[in-house]
Amino acid sequence: MKKLSLSLIASTIALSVLGLSACGDKAETTGIAPKQFTDALHLVMDSDRAVYTKKVVGRLVKEEKVIKASEHFMDDKALPLPAQMFRFGSEVVAEKTDEFSYSLQSLWPINKQNAPRTEMEKKGLQFIVDNPGQNFYGEEELGGKKYFTAIYADVAVAPVCASCHNDHKDSPRTDFKVGDILGGVVIRVPLG
Amino acid sequence: MNRLSFSLWIFITLLLSGYLAYVLFVSEDKSEFIVGEASHGHYQIEMSCSTCHTSPFGGEEVLQDACLTCHKDELEEANDSHPIKKFTDPRNADRLAKLDATQCVTCHREHQNEQTHPMGVSLPEDFCFECHEDVAENRPSHEGMGFETCASAGCHNYHDNKALYEDFLVKHGDMSSPTKAPHAMKWMIPNRVESYQANPTKLPKVTASVSAPSSQDNKEIIDIEAHWAASSHAEVGVACIDCHARENDTWQDKPSLNMCADCHQDKWDQFTQSHHGMRLSDKLTSPLTPMTPNQARLPFNSEALMTAVTCQSCHSAHEQDLNFAATDACLTCHADEHSTNFKNSKHFTTSLTPEGTAPDEAVSMTCASCHMPRYEEEGVTRVMHNPNHNLRPNEKMLRSVCMDCHSLAFSIDALADKPLIKRNFVGKPAAHINSIDMAVKRTQK
Amino acid sequence: MAAPVIVVGTGPVGIRFVSELLKVNPFQPIVIFGNEPWQPYNRVKLSSLLAQDVSWENISNHEWLKIKEHPNVTHHLNCPITQIFADEKYIVDDKGVEYPYQELVLAVGSRPFLPSIKGIEQRGVYTFRDLNDVQALLARSVTTRHVCVLGGGLLGLETAKALCRHNTQVTIIQRADRIMNNQLGDEAAARLQAHIEAEPNISIRCKEAVLAIEEGEERATGVVLRSGEVIKCDTIVVSTGIVPNKELALDAGIFVGRGIKVNDHLMTSALDVYAIGECAEHKNKTYGLVAPGLEQAAIAANHIGKENSSALYKGSTTAAQLKVVGEQVFSIGETEKPDSAFAKEYIYQDENNYRKIILYKGKIIGAHSVGEWDESKRVLELVNSGKSVRFWQAWRFKSSGQLFSDAEANVNEWPDDAIVCQCMSVTKGTLTQAINSGCTKFKTLSENTGASSVCGSCKPLVSELLSSQGPVEREPVDKWKALIQVSLFTAIFSFIFLLLPGIAYSLSVQEGQFEQLWIDSDFKQISGFSLLGLSLFITLLSLRKRAKFFSWLPYATWRIIHGALGIVLLMVLITHTGLHMGENLNFALMLSYLVVSLAGSLAGFAIALEHKAKANLAASLRKVSYWGHLLFSWPLPTLLTFHILSVYYF
C-alpha cells in the first residue's frame with residue numbers, strides 16, 4: 001500500500017505546490033490568523049458551557065431539583081456534567097474534522113488521562129495558573145506535524161464546579177473556590 | 001531446453017497465471033488467496049471476500065470502513081471506553097506511534113489464526129502496557145499485577161466496561177442477590193399480539209386472489225391449519241397468502257426467508273449479526289448459503305451437521321412453540337459440554353414459579369433466558385435474536401442477564417471461571433475476582 | 001656389448017619413440033640427442049606459453065620426465081649431430097665425438113619456411129617454432145606496437161592471438177583467399193575470421209602477397225604488399241609453413257625428397273636408419289601435425305624392438321582438432337566438394353556453429369567445423385573406416401548438426417577401433433582395456449595411454465569412458481568442496497523451514513519485538529522486495545550456462561555464487577515469514593521455494609560428489625535433481641507475481 005500510495009502522495013504534493021504558487025500571497029492575506037481562530041473558538045465553547053452549566057444543570061438540579069447531574073448519567077438517568085458535555089462536544093468535533101482539536105486539561109485532573117502530556121501543555125497550563133487573566137499561545141510539533149496551540153484558563157464559574165472537584169474521590173486537589181482556575185482548554189490548529 | 005519443452009513451459013505458466021488472475025479478479029470464491037484461517041468472529045463469512053475487502057487495492061482505510069459497517073452500532077451501544085474519537089487529538093501522537101488505536105486492525109488483524117487470541121485480538125494479551133504502563137502510580141492496588149490479566153481476569157475490557165466501571169462495582173458491591181423477583185416480567189412470554197395490534201400496519205396485505213392447496217382430506221394441511229389457528233399469526237390476522245403468495249401474487253409452497261424478515265426486521269437484523277445467520281446478512285456483498293453446523297467450529301450432534309440454520313430451525317413455519325425454540329431447538333444441534341450439561345444445571349432444574357407451587361419445567365430457565373434475553377425497547381419487550389451479542393465478551397451478560405438473579409460479585413466470579421461455564425454452572429466459582437473489593441476499598445478511603 | 005639405439009631429436013615424436021621402444025623392450029639401451037639447451041617440452045603448448053596463459057613448468061613433456069631417469073636411457077641435450085656415417089653405423093656430434101649405433105632414428109623435425117622475400121634477414125623479423133623463438137618474441141612483445149604475421153595458417157593465427165595485447169596491434173597477412181585454407185572451406189574460414197577479428201586488436205588481410213620487408217636503420221619497419229601498399233609495423237613474424245630438416249640425411253647419402261624418404265616400416269634408404277615425424281616423407285607425403293608423427297613413432301619402435309613385427313605405416317588422415325584463438329576448429333580431409341556428380345556436401349549452421357561434411361559416393365571424404373562439435377571423433381572414425389553415411393544421418397545433420405543420435409553419441413557406444421584421442425591415436429578399445437586393467441583415474445589413464453596428454457580436447461570423452469567403466473575414481477568438479485558447503489547450508493535452511501514450526505508469536509508486548517519483522521507491513525515490504533530482487537538475480541545467474549556472450553568468471557564460481565545467494569534468500573525468507581509456511585497460495589509459494597532449494601542442494605551434492613559416488617547413481621541423481629530444480633522453479637514467477645499482487649489487492 002505504501003508503495004502504491006507513494007506516487008499518489010508525490011503527485012498530490014506536486015499539485016499542491018503548483019496550486020500554492022498559483023494562489024500566491026492572496027490566500028495568506030485573506031485567511032484568519034490561528035490566534036484569532038482559537039480565540040473565537042474558545043469564546044463559543046466557553047459561552048455554550050456556561051449556558052449549560054447555569055441554565056440547564058444549575059437550574060434543574062439546584063433550583064428546581066427535578067433531575068440530578070451525574071457522571072454516569074446513562075445508568076443514573078441524569079444530566080451529563082458540564083465538563084462531560086464539553087468533552088463530548090470535542091469528541092464529536094474529532095469525528096468530523098481534523099482542522100482543529102480541543103480538550104479540557106488540568107494540572108489537578110480527576111481522570112489522570114486529562115493531565116498535560118506534551119511539553120507545551122505542561123508549560124501552558126502552568127503559565128495560565130501563574131498569570132491569571134492571560135492566555136497562552138505557542139507552536140509545537142507532534143507526530144511530525146506542526147501545531148498552533150492555544151491554552152485558555154478554565155475557571156470555576158459556579159459553586160457546583162468547585163464542590164464537585166473538591167469532593168470527587170479521584171481529585172488530587174480539594175480546596176477549589178468559585179473563581180479558581182480548575183484547568184485549561186487546549187485548542188490546537190495544524191499549521192501548513 | 002528445446003522448443004517443445006519451452007512452449008510447454010510457456011503454456012503451463014499462462015494456464016496457471018490465467019487461472020490465478022481469474023480467481024483474483026473475477027471469481028467471488030478466492031480461497032486460493034486466503035492467507036490464513038479467519039478469526040472466530042468472521043470465518044463463517046470468509047468466502048464473501050468483498051464484504052470486507054470492498055475495493056481492490058484499497059488499502060487499510062477500506063478495511064477500517066468495512067469493520068465499522070457491521071460493528072459501529074455495537075461499539076456505540078457498549079459505550080466504548082476507547083473510541084477512535086478519543087485518540088485523534090494530536091496530543092496522543094506518541095501513543096498512536098506505539099499502538100494505533102484509531103484503526104481496528106491494529107489489534108484485530110484478520111486471517112492471523114496463529115496469533116489470534118479470544119475476541120479476535122491479534123496482539124499479545126498484555127497490550128494495555130503500551131499506554132498504561134504507569135497504572136500503579138494512581139492505582140497502587142494494581143502494583144505487581146500482570147498486564148496480561150487486565151482484560152482476561154474479569155476486571156476490564158478494552159471496549160465494553162458498562163458493568164465493570166468502578167462506580168458500578170461500588171454501587172452493586174453488596175453480596176446479596178437482587179431484591180426484585182427473578183421471574184418478573186423478563187421471563188414471561190411477552191404479549192406479542194398486543195404489541196402487534198399497537199402497531200399493525202407493517203406490511204401491505206395481499207389482496208390478489210390466488211388458489212391455495214385444498215385442505216380436503218389432506219391430513220397434512222389440516223394439521224397446518226390447526227397449528228396456524230393457534231398461533232399469533234392467526235391471532236393478528238396474518239393469513240396463509242400473506243406469506244405464501246406475497247411474492248409475485250402466486251402461490252409459493254416454500255416462501256423465502258424474506259417473508260419472515262419483512263415483518264420481523266429487527267429480529268432478522270439481529271439474527272444475521274449472529275453466527276447463526278451472518279451468512280445470510282444483507283451486508284454481505286455476495287450471498288452465501290445458510291450456515292450448517294458442519295461449517296462451524298463447535299462440537300455438534302452428528303445427525304444435525306447438515307441442517308441449514310434459518311428462522312425455521314427454531315420456529316417451525318406454522319406451529320408456534322416458544323418452549324421448543326428456547327431450549328430444545330438449541331440442543332438439536334449444540335453438543336458442546338456447556339450445552340449437554342444444561343439439563344443438570346440449577347438454571348434448568350430450579351423452578352422459577354413462586355415458592356410453594358410445584359416445580360414446572362415450563363417456567364424453568366431456558367437457553368434463551370441467557371443467550372437470547374428479553375429486553376425492553378420503547379416500552380415493548382423484545383427478544384434478542386443474536387445469541388452472540390452478550391458473549392463478546394461474556395461480561396456483557398452481567399447486566400443483561402446475570403444480575404437479574406445474582407449479585408454482581410458472584411456473577412463476575414462465575415463468568416471468569418471457564419471450567420464452571422463448561423459445567424453449565426454446576427458448582428461454585430473456583431476463584432474470587434477482587435475488582436469489587438478493590439473498588440469499595442478505594443472509595444471508603 | 002651391442003651398440004645402443006640412437007634417437008636424434010627430443011621433440012614429442014622422438015620422446016614418444018623412446019617411451020614406445022621401452023614399452024616393447026625395457027632392456028634396450030637408448031641414447032637420445034637434442035640440439036636445444038632446454039629439457040624437452042611440449043611444442044604444441046608453445047603458443048599458450050607465448051600468450052603467457054601457461055608457465056614454463058606447464059609445457060614440459062610428461063613422458064620425458066619418466067624416461068629421463070630410466071637406467072637404459074642416456075641423453076645428450078644441447079648436442080647437435082652434424083654427421084651420419086651410415087655404412088659404419090656411427091654419428092658425430094658438433095664436438096667431433098663419435099657415437100656408434102645399432103639402429104638410428106631420425107626425429108629431427110622441421111624448421112620454419114622462410115620465403116625468399118627481400119629484407120627477410122634483418123632484425124625485427126622472427127619465426128615461431130621453438131623455445132628460443134618464444135624467448136625472443138616474449139622479449140620483443142614488451143616494446144612492440146604493431147606486429148605483422150605473415151601466414152594465416154594455424155600457427156600464424158595462434159601466434160597472432162598470443163602476441164595480441166591491449167596495446168599491440170596485430171595484422172595477419174595471408175596469401176590465400178582465406179585463413180587456414182588447408183583445413184577450412186570459404187564459409188568456415190570466414191566465420192573463423194570474423195571470430196578472430198572480434199578481438200579488438202587483430203585484423204586479417206587475405207589475398208595479399210608480400211613483396212618485401214621494408215628495411216629500417218636498425219630493424220624492419222614495415223611490410224610491402226604487391227599492391228604497393230606498405231603496412232608499417234615494428235615486428236614481423238614469419239609463419240608461412242615448415243620445411244622438413246632433411247639436410248643431415250642428405251649429407252649421409254640417404255634418399256630425400258621433400259623430406260627423408262621412408263618406407264612402410266619408416267626405414268630410410270640406409271640400413272638401420274629410420275625417420276619419423278615431420279622430417280619423414282612417406283609415400284610423397286610429409287605431415288606437419290604431431291599426431292601422425294606419434295603414430296609413426298609407435299610403428300618404428302615396434303619394428304625396432306620386436307622381431308618380426310607386422311606393424312606397417314599406411315599414412316595418416318590429416319585430421320585436425322584444434323583450438324584456434326579460443327574457437328574450436330575441426331578439419332579432416334577435403335575442404336571443398338570435388339567437381340563430380342557423386343559428390344555432395346551438407347552444411348549445418350547456427351549461431352555458434354558451422355559444420356560441413358563432404359560426401360563422395362556416400363562416404364565422407366572431408367569435414368570441417370568451426371565451433372564445438374562433439375562428434376568430431378566419430379566423424380574421423382567414419383572417414384577412417386570408410387563407412388557410408390546413411391541418408392537419415394545426412395538429413396539429421398542438416399537439421400540439427402548431429403550425424404549421430406544421442407545414443408550413438410555416447411562414447412561408450414563407439415566401436416573399439418574408434419579413435420578417441422586424435423593427437424595420440426588412442427582408440428576407445430585401448431582406453432577401455434587400460435581402464436579395466438586398473439587405470440581408473442584420469443591422470444593414470446592419461447599417463448598410460450597418452451590419451452588427452454597433448455591438446456586435451458578429448459578430455460570429456462575420456463572422462464565419460466572412465467565414469468562408465470567399472471570401479472571409478474573420477475575427477476572432482478571445480479570448487480567441489482565449496483559446492484558441498486553451499487548445498488549443505490541450503491539443505492539445512494530448507495529443512496529448518498520444513499521441520500521446525502513457525503516461530504511462536506510472543507505473548508507480551510514488553511518482550512523483544514523481533515516478530516515485527518514478519519508482522520509489520522513496512523518490514524515485510526522491505527524483505528519482500530529484497531526476496532523478489534534476489535530471486536530475479538539468482539535466476540539470471542543460471543543464464544551464465546546458456547549465454548555464450550557472458551563469460552566473466554568461470555561457471556563453477558557462478559554456481560557457488562548461485563548457491564550462496566540461495567542461502568541468503570532463505571535467510572531473508574525467515575525474516576519475511578518467521579518460518580511460518582502460510583496457507584493456500586502463500587503455502588504453495590513457500591513450498592515451491594523450499595523444494596527448489598532442496599532440489600538445488602541435491603543437485604549441488606550430486607555434482608560435487610559425483611567423483612565419489614557410483615557412476616550410474618551419480619548421473620541419475622544429478623539428472624533428477626537438476627530437472628527437479630528446474631521443474632519446481634517454473635511456478636515461482638507466477639506464484640510470486642500473484643503473491644505480490646494479492647498483498648496489495650486485499
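In this predicted model, chain B and chain C meet across an interface where 35 residues of chain B are in contact with 22 residues of chain C. Put together, the two chains bury about 2700 Å² between them, and 66% of that sits on carbon and sulfur atoms. On the chain B side, Leu24(B), Phe33(B) and Phe57(B) give up the most area to chain C, together 17% of what that side buries. As for charge pairing, the count between chain B and chain C is 0 salt bridges. Polar contacts do turn up, though: 11 residue pairs across this interface, with both partners at pLDDT 80 or more.

Where on chain B does this surface come from? The elements that give two or more residues to the side touching chain C are α1 (3–25) and α5 (129–132) of chain B. Helix α1(B) supplies the largest share, 9 residues. Sorted by class, that side of chain B has 17 nonpolar, 10 polar and 8 charged residues.

Turning to chain C itself, one open sheet has 3 strands in the order β4-β5-β6, with antiparallel pairing. Its edges are β4 (81–85) and β6 (98–100) of chain C, each pairing on one side only. From one strand to the next, the twist averages 25 degrees. Strand β5 (residues 90–93) of chain C is joined to β6(C) in the antiparallel sense over 3 bridges, and here Ile91(C) stands opposite Tyr99(C) of β6(C). As a general point, strands of a sheet pair through backbone hydrogen bonds, either parallel or antiparallel.

Another open sheet in chain C has 5 strands, and the order along it is β21-β22-β25-β24-β23, again with antiparallel pairing. This time the edge strands are β21 (319–324) and β23 (343–349) of chain C, each with a partner on one side only. Neighbouring strands are turned by 15 degrees against each other on average, with direction ignored. At one edge, β21(C) runs antiparallel to strand β22 (residues 327–333) of chain C, and 6 bridges join the two. One pairing to look for is Gln321(C), whose bridge partner in β22(C) is Phe330(C). The sheet also has a helix against it: α10 (residues 391–400) of chain C lies across β23 and β24 (354–360) of chain C, running at about 35 degrees to β23(C).

Although chains B and C share 0 salt bridges, the structure as a whole holds 46 of them over all chains. One example is the pair Glu166(B) and Lys169(A), with the closest N and O atoms 3.0 Å apart. Glu166(B) lies in helix α7 (residues 166–171) of chain B, while Lys169(A) is in the loop between α6 (159–167) and β4 (181–190) of chain A, so this salt bridge joins two chains. In general, side chains of opposite charge can pair when their charged atoms come close.

Finally, a couple of backbone details in chain B are worth a look. A cis peptide bond joins Arg392(B) and Pro393(B), with omega at about -10 degrees. Pro393(B) is found in the loop between β2 (380–383) and α18 (396–400) of chain B. Elsewhere, Met119(B) has a phi near 65 degrees, a positive value in a residue other than glycine. Met119(B) also belongs to a loop, the one between α4 (104–107) and α5 of chain B. Helix α5(B) has come up before, as one of the elements that contribute to the side touching chain C.

Terms used
Residues are numbered from 1 along each chain as its sequence is written. Chains are lettered from A and ligands numbered from 1 in the order in which they are written. This is a predicted model: local features need pLDDT of at least 70, side-chain atom pairs count only at pLDDT 80 or more; totals for chains, interfaces and linings use all residues. Side-chain values use heavy atoms; hydrogens and water are left out. Two strands pair if DSSP finds at least two bridges between them. Helices (H or I, at least four residues) and strands (E, at least two) are DSSP runs, numbered from the N terminus. Axes are lines fitted to C-alpha atoms, for helices over the stretch in contact, and angles run from 0 to 180 degrees between N-to-C directions. Contact means heavy atoms within 4.5 Å. Buried area is the accessible area (1.4 Å probe) that two parts lose on being put together, summed over both. A salt bridge is a side-chain nitrogen of Lys or Arg within 4 Å of a carboxyl oxygen of Asp or Glu. A polar contact is a pair of N or O atoms within 3.5 Å; within protein, one must be able to donate a hydrogen and the other to accept it, and residues adjacent in sequence count only if both atoms are side-chain atoms. Ala, Val, Leu, Ile, Met, Phe, Trp, Tyr, Cys and Pro count as nonpolar, Asp, Glu, Lys and Arg as charged, and the others, Gly among them, as polar.
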